[in-house]
Amino acid sequence: MSKQTWVDLAYLVAASCFVLALKGLSSPKSARNGNLIGAAGAIIAVLTVLISADLHHLPLILAAIAVGSVAAVPAARRVPMTAMPQLVALFNGVGGGAAAIVAFLELKNTGGGFPLIASLFTVIVGSISFSGSVVTFLKLQELITTRPVVIPLHPVLFVGSLVGAVALSVVCFAKGGAVDAATYAAIGVAVLALVAGVLFVLPVGGADVPIVISLLNAFTGLTVAASGYVLDNVLLLIAGTLVGASGTILTRLMATAMGRPITSTLFGALRGGSTAGATTVGADRPVRSASPDDVAILLAYARKVIVVPGYGLAVAQAQHTVRELADLLAARDVELLYGIHPVAGRMPGHMNVLLAEANVPYEQLKEMDEVNPQFATTDVVLVIGANDVVNPAARQPGTPISGMPILDVDQAQNVIFLKRSMRPGFAGIDNELLYQANTTLLFGDAKDSLTKVVSALKNL
Amino acid sequence: MSGGMGLLTVFVLAVFVGFEVVSKVSTTLHTPLMSGANAIHGVILVGSILVTGAAEGAVEITLGLIAVVLATVNMVGGFVVTDRMLEMFKGKKR
């Protein structure tokens with residue numbers, strides 16, 4: 001068997017691993033194994049190229065791999081689960097950056113034609129993915145405002161940078177990708193694409209950022225596929241295409257969960273209507289607040305309680321206290337469920353991860369469609385650090401979250417909000433529910449408040 | 001298999017596979033799935049290694065090595081963080 005044959009076979013094994021990984025990740029039972037199969041495929045692929053290819057600078061390459069691993073593993077191991085979305089965004093961005101660099105270095109070797117076009121495509125899209133991901137990281141880390149940012153002439157600049165990048169690509173193509181003139185044009189392409197990536201993500205509101213991460217993820221997949229075409233490497237082509245296709249589907253699923261078409265998520269702020277949040281301030285309106293003891297009594301004598309957790313719960317690290325409360329209520333024969341909105345937390349499914357971390361039994365977690373009919377027969381709903389996902393404003397037209405499916409919390413007998421302040425949620429709109437007659441507010445850090453409720457409950 | 005037509009065939013088939021494998025996934029798994037897919041495109045590391053191995057001159061080698069570092073971060077970090085997420089689901093499915 002020739003060398004090329006066994007290299008191709010090894011790549012085929014790796015590609016199969018990636019398909020099995022995605023398949024496995026689609027079901028809770030097989031998800032963890034799926035991920036490990038994917039990792040195995042990646043290791044096979046890297047070992048194959050290291051052993052088989054005729055590589056110069058091998059020690060330097062191995063050192064670079066070591067540096068990357070040393071940087072990545074502690075970050076991935078130690079990041080708090082609440083900060084995980086931004087880490088995924090960052091990992092995606094550096095992948096896009098790597099693809100752009102690979103394509104840039106390949107420009108002179110393509111010999112023109114379709115491979116050169118694919119290289120230029122990768123330089124553009126990879127750069128957009130890199131700078132866009134960095135901006136999503138900054139937004140989620142709250143290093144810059146989570147609100148949509150629209151600078152003067154934003155659409156013109158965005159389209160301008162894209163058109164400029166494409167125009168320079170044409171120049172580069174005309175020069176056949178050769179050194180000097182074409183190289184400078186390609187640098188210009190990369191710079192303009194980086195600018196376009198920043199302008200692309202800036203107008204997206206905080207609540208919509210996860211959808212953008214997913215989209216940029218799909219973008220990076222496509223660049224990897226294009227790199228596979230340029231380098232005549234079937235494995236890169238398959239892996240990149242798989243990610244591009246599945247990422248596209250995932251982006252659409254997420255957008256559906258938010259109840260809005262993907263275009264209004266991305267460009268809404270430019271037209272003046274995404275989660276831009278024209279903040280309606282309702283600071284002077286009367287609300288009903290209660291003490292932890294009142295809340296404990298209400299809970300202790302309820303028959304059915306639904307907990308609606310949100311990002312505030314995660315930030316306060318209150319998952320474990322919620323679990324403790326749930327155990328106490330279970331001892332009192334109170335039926336307790338968790339109503340999980342698809343986009344609770346910062347990413348779809350994020351809340352499930354956080355509650356699983358606190359050992360909350362899987363079967364108590366109810367998805368929105370399952371839990372919504374149950375609110376009418378519920379005595380107490382405990383909303384912990386959630387806001388937009390229970391905001392009835394979503395049912396009316398003309399608000400930033402209009403059309404987003406919500407949890408019908410307002411149908412329950414009593415609603416208790418654990419909130420730090422009257423500040424509106426991530427989408428930046430006031431919540432009518434807070435002023436309703438059957439709503440009670442318990443102000444304070446979610447964990448402090450819950451701890452007080454738990455100790456009050458123990459003393460009953 | 002190589003050559004334009006062969007690669008195009010592979011591309012089209014991979015699109016269908018990509019669509020098919022994730023078409024019915026519950027929202028619970030959206031985050032780990034995104035993260036796992038993210039790790040898979042870290043395989044651009046293979047491309048980065050190939051390009052760096054053929055690089056000439058300080059500028060090219062430096063750029064190539066940067067790509068290798070970035071791709072490694074993407075791949076290694078991606079799989080590790082996905083595993084950490086999924087670790088939390090274990091033991092709850094009696």
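**A buried strand at the heart of the account**

All 5 of the 5 residues in strand S4 of chain A (residues 380-384) are buried, so this strand is largely enclosed by the rest of the structure. The model is a predicted one. Looking at the side chains of S4(A), A:Val380, A:Leu382 and A:Ile384 point one way, while A:Val381 and A:Val383 point the other way, and all are buried. That fits a common pattern: in a regular strand, side chains alternate between the two faces of the sheet.

What does S4(A) pair with? One partner is S1(A), in the parallel sense, over 5 bridges. In that pairing, A:Pro309 has A:Ile384 of S4(A) as its bridge partner. Another partner is strand S5 of chain A (residues 414-419), again parallel and with 5 bridges. Here A:Val380 is matched with A:Asn414 in S5(A).

Zooming out a little, S4(A) belongs to an open sheet of 6 strands in chain A, and the order across it reads S3-S2-S1-S4-S5-S6, with parallel pairing. At the edges sit strand S3 (365-367) and strand S6 (439-443) of chain A, each of which pairs on one side only. From one strand to the next, the twist averages 25 degrees. Elsewhere in the sheet, strand S1 (residues 304-309) and strand S2 (residues 335-340) of chain A run parallel to each other and are joined over 4 bridges. As an example from this pair, A:Val305 has its bridge partner, A:Leu336, in S2(A).

Now for chain A as a whole. Besides its 6 strands, chain A has 16 helices. Of its 460 residues, 55% are buried. How far apart in the chain are the residues that touch? Counting contacts with a separation of 6 or more, 78% are between residues 24 or more positions apart. Along the principal axes, the C-alpha atoms of chain A fill a box of roughly 75 × 55 × 35 Å. The radius of gyration of chain A is 25 Å, which agrees with the value near 23 Å that a compact globule of 460 residues would have.

Chain A also meets chain B: 94 residues of chain A are in contact with 76 residues of chain B. On the chain B side, helices H1 (4-21), H2 (30-40), H3 (44-53) and H4 (58-87) each supply at least two residues. Which helix gives the largest share of that side? H4(B) does, with 27 residues. Sorted by class, the side of chain B that touches chain A is made up of 46 nonpolar, 23 polar and 7 charged residues.

Technical notes: Residues are numbered from 1 along each chain as its sequence is written. Chains are lettered from A and ligands numbered from 1 in the order in which they are written. This is a predicted model: local features need pLDDT of at least 70, side-chain atom pairs count only at pLDDT 80 or more; totals for chains, interfaces and linings use all residues. The radius of gyration is taken over C-alpha atoms; the globule rule is 2.2 Å times the number of residues to the power 0.38. A residue is buried if 20 or more other C-beta atoms lie within 10 Å of its own, exposed if 12 or fewer, and partly exposed in between; C-beta atoms are placed from the backbone. Two residues are in contact if their C-beta atoms, placed from the backbone, lie within 7 Å. Ala, Val, Leu, Ile, Met, Phe, Trp, Tyr, Cys and Pro count as nonpolar, Asp, Glu, Lys and Arg as charged, and the others, Gly among them, as polar. Two strands pair if DSSP finds at least two bridges between them. Axes are lines fitted to C-alpha atoms, for helices over the stretch in contact, and angles run from 0 to 180 degrees between N-to-C directions.
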